[in-house]
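This report covers one sheet and the pairing of its strands.

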Amino acid sequence: MKQFLISIFMFAVVLSVKAQHKHTVSGRVKDQKTGEELIGVMVKVDGQSIGTVTNSYGFFSLTLPEGKYKILFSYIGYKSLAVDIDLKADVVLRPEMSDDKNELKEVKVQATKGNDNIESTRMSVMSVDIQSLKKMPALLGEVDILRALQFMPGVQTGGEGSTGFYVRGGNVDQNLILLDEAIVYNPSHLFGFFSVFNADAIKDAELYKGAIPAQFGGRLSSVLDVKMKDGNSKHFSASGGIGTISSRITLEGPIVKEKSSFIISARRTYADMFLKLSPDKEVQKSKLYFYDLNAKVNYTINDNNRIFISGYFGRDILGFDKTFTQGWGNATGTLRWNHVFNKKLFSNVTLITSSYNYKLEAETEESQGFLWKSDMSDQTVKGDFTYYVSPKNTIRFGAGITWHALFPGKAGPNNPKSVINEQKLPVSNSLEHYYYIDDEQKVSSRLTVDYGIRFSVFHNVGSATVFTYGANRYGNNPDTKDSVDYGSGVIYHTYTGWEPRVSMKYSINENSSVKASYNRTYQYLHLVSNTNSASPTDIYINSSPNIKPQYADQVAAGYFRNFNNNTLQASAEVYYKQMYNQVDYVDNANLFLNKYLESQLLAGTGTSYGLELMIKKKTGKVDAWMSYTLSKADRKIDGINNNKAYPTRYDHRHNLSWVFTYEHSRKWTFSANFIYVTGGAFTAPNARYEFDGYVVPFVSSRNNYRMPDYHRLDMAATLYPKKYEGKKFKANWTFSLFNAYGRKNAYSIVFRQREGYPDTYQAVKTYLFTFIPSVTWNFKF
C-alpha cells in the first residue's frame, strides 16, 4: 500500500512538472482593413497535426509545451499568415489577416474551409458565403440568405416567391432562426417574397440540419445562426444600392479607433411610390412597402473584456385606402459581454429581447370598423463558456432562461361607432430554462468525438384557465368537462427533457473521412398554420397540460471526400428522423380567436428520411456547387386521414439544384442558378355528390394529390466599370433575370365549378409571375 501511494505521488509530481512546462498562446484574429473578428480561421502549428479554429468572436487558444513554433493562420479569401513564437510563457497574439485578390486561388487551397469538411466532426452544416451570395441572381435585385439556402441539400422551398424553408421533413416553425442570438419568429417580408436579413449587415450565417450543438435548443429540425457585422474599427465607410423596387444604405466606422465601432444598415422598398402614378385615386392612396434597420455598436474595455449592443427593427405595411390595412414586424435587441477569465476560459453573457406583432384593420363602412392585434415576446438571459483544456480537448457549457409571453389576439371595433363585438384571448405565459455541457475530444489522429447533453425545463405560468375536455373534445363545440383558473405567477404545469447529442469523425486519409451523429431535440412552442411559408397570421401556442411538447430523434451518417488539393469537395449523407407529438389541426378547424383552440388540434408522429448529395468547387474564377436530395416525409395522427399516414405539404421526393458563378474578368462576373423540385402534396377532391341542388366536392384523404413540378433558371451579370478601379469610390451594376425562361410555376391550385357547366368542377392554377428582370446599382466608399 505504501509503495502504491508513493507511485501515485511520483506520478502526480511528473504531471505537475509537465504542466509547468506548458503555456498557452491565445488571441483574436481580425480583418486588417475593417478590424472585424474572423470566424472559423484555421490556427495550426506548422509541421504538426495540432490546431484549432477561431470561435464566433475570433478567439482562439492553444496550450503547447515550451519551445519555438510557427503558428499558421489560414482563411478563405485571405493571405495565409505565419507568426514565429518562442513559447516560454503565455503569449497573446493579435494577428490581422489581409485579403489579396492576386493570391486568391492559392489562399483558398490552404483555407480552413478547404479541408475542414474532412477534419471536423461537424456534419449536416451549411455555411453561407456572403460575398458569393451577393453575386447570385436575385428576385427584384434583393440578395437573400433564406432564398440561397433553398439551393442546399436537405432544404426544401416553401413555394413560388417564398423564403420559407423546410429542413429534413420538419415544419417551418421547427427552424430556430437567430440574429445575433435573438430569435426571429417571422423571417419574411411581403408574405415571404423577401427575408428580414439585409446581406449588407450580415457577417456570417450557418445552417445546422443535424449534429446540432448542445448550446442550441427549442426547435426540432434546424438552427440558422446569423451574425451581424461589428462595424469597421479602422476607418469610416459607406455602401449601398439602388434597385428596381428597393434601396439600401450601410454606414460603419470607428467611434474610438480600434477600440469601438458602429454599423447602421437600413433598407426600404418603394413599390408604393409607383402606385401614386396610377390614375385611380383609390390606388394612389394604397400602401405596399417594408423597411428594416440593423444597428450595432461595440466597445473593447481591455484585452479581456468587450461589450456588444445590437438590434433589429423591421415592419411591413399593406393597405388599400381606408378599406384594409395590414402591418407586422419583428424587433430584437442583444447585449453581450465577452470576458476572458484566463488564456483557456472564454465566456459570453447575453441579455436578449425579441418580439413580433401583427395588426389587421378593415373598414368597409364606419359601423363595421374592425381591428385585430396580436403579439408575442421573449426575454432571455444566457451564459456560454468555452474551456480549452488542450489542443485535443475543448469543453463548452452554459445555461439560459427565457420568459415567453404569447398574446393570441384581440379583435374588436376600431372606432366608437362600430358595432363589432370585441373578442379577446388571454396572454399565455411560460418560462423555459436549460443547461448544457459538451466535450470535443480528439481521441487519436484519426478519430474525433463530440458528445454532450442538454437538459431543458418548461413551466406554464399563470394567469390561465385550463380546460379538461371530455370524449368529444374535437371540433367547434368541444365537450369541456371542467376548468381550473390559476392566478398570476403560478406555475401550474412543468415539462422536462433530456437531449443527448453526439457526433464523430473518422479520417480514412487526409482527403476523406466518414462521420456519424445522433441528436434529440425538444420543442415547447407550436405553430398552428395552414400556409406553406411564414404568414403574419400564424398562431404560436405553448405546450400545456393538453398539448405535449414535440421531440425528435435524428441519426445521420456521411462520407466526405476532397479532390484536387481540396479545391473540389464532395459529400453524401443519409439521415432518419422520428418526430413525436406532431401537431396538426382537425378537418374544418376554427383557428381564429378560439379560446378552445386546443380542441382543434391533434397530435401524432412524423417520419422523414433521405439521401443528400453535394459537390462543390470554390477556387480561382469559379465558385459553383450542385446538390441533390431524395427524401420522404409523412405524418400519422389518429383522427386525421382515417388514422393512416399521409405525406406532409412539404414532402418533395426529388430536389436538384446548382449554382454557378464565373469571374470572367476584372470587369464582368456572370452567375446562374437552377432548381428542380417535384411537386408537394396538397388536398383535392376526388369525388362529388349533390345536395340540395348543389354539387359538393368529396375528399377521401388528406394531401392526396401533387402540385406540378417546380423548376426555374435565374441568371445575372455584374459589371465593374473600369473608371472606378484604384479609386476610393467604387460602384458596380448588377443585371438579374429571375425565372429566365418564364416557367409558370403553380402558386396554388383550387377547385371550383366550371362557369356555364354546374355539374363540372375544374382545377384552376394560380401563378405569380413569369420572368422578372431587375437592375441594381451598388456603391461603396
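Strand E3 (residues 42-45) runs antiparallel to strand E4 (residues 51-53), and three bridges join them. Strands (E, at least two residues) are DSSP runs, as are helices (H or I, at least four residues), numbered from the N terminus. Two strands count as paired if DSSP finds at least two bridges between them.

The model is predicted: local features need pLDDT of at least 70, side-chain atom pairs count only at pLDDT 80 or more, and totals for chains, interfaces and linings use all residues. Residues are numbered from 1 along each chain as its sequence is written, and side-chain values use heavy atoms, leaving out hydrogens and water.

E3 and E4 make a hairpin, with five residues between them. Glycine 47 lies in the turn and has a positive phi of about 85°.

E3 also pairs with strand E6 (residues 67-74), in the antiparallel sense, over four bridges. Residues that stand opposite each other, or are bridge partners, include these:

| Residue | Opposite residue or bridge partner |
|---|---|
| Methionine 42 | Valine 53 in E4 |
| Valine 43 | Phenylalanine 73 in E6 |
| Lysine 44 | Glycine 51 in E4 |

How are the strands ordered in the open sheet? The order is E4-E3-E6-E7, four strands with antiparallel pairing. E4 and strand E7 (81-87) are the edge strands, each pairing on one side only. Neighbouring strands of this sheet are turned by 20° against each other on average, direction ignored. Axes here are lines fitted to C-alpha atoms, for helices over the stretch in contact, and angles run from 0 to 180 degrees between N-to-C directions.
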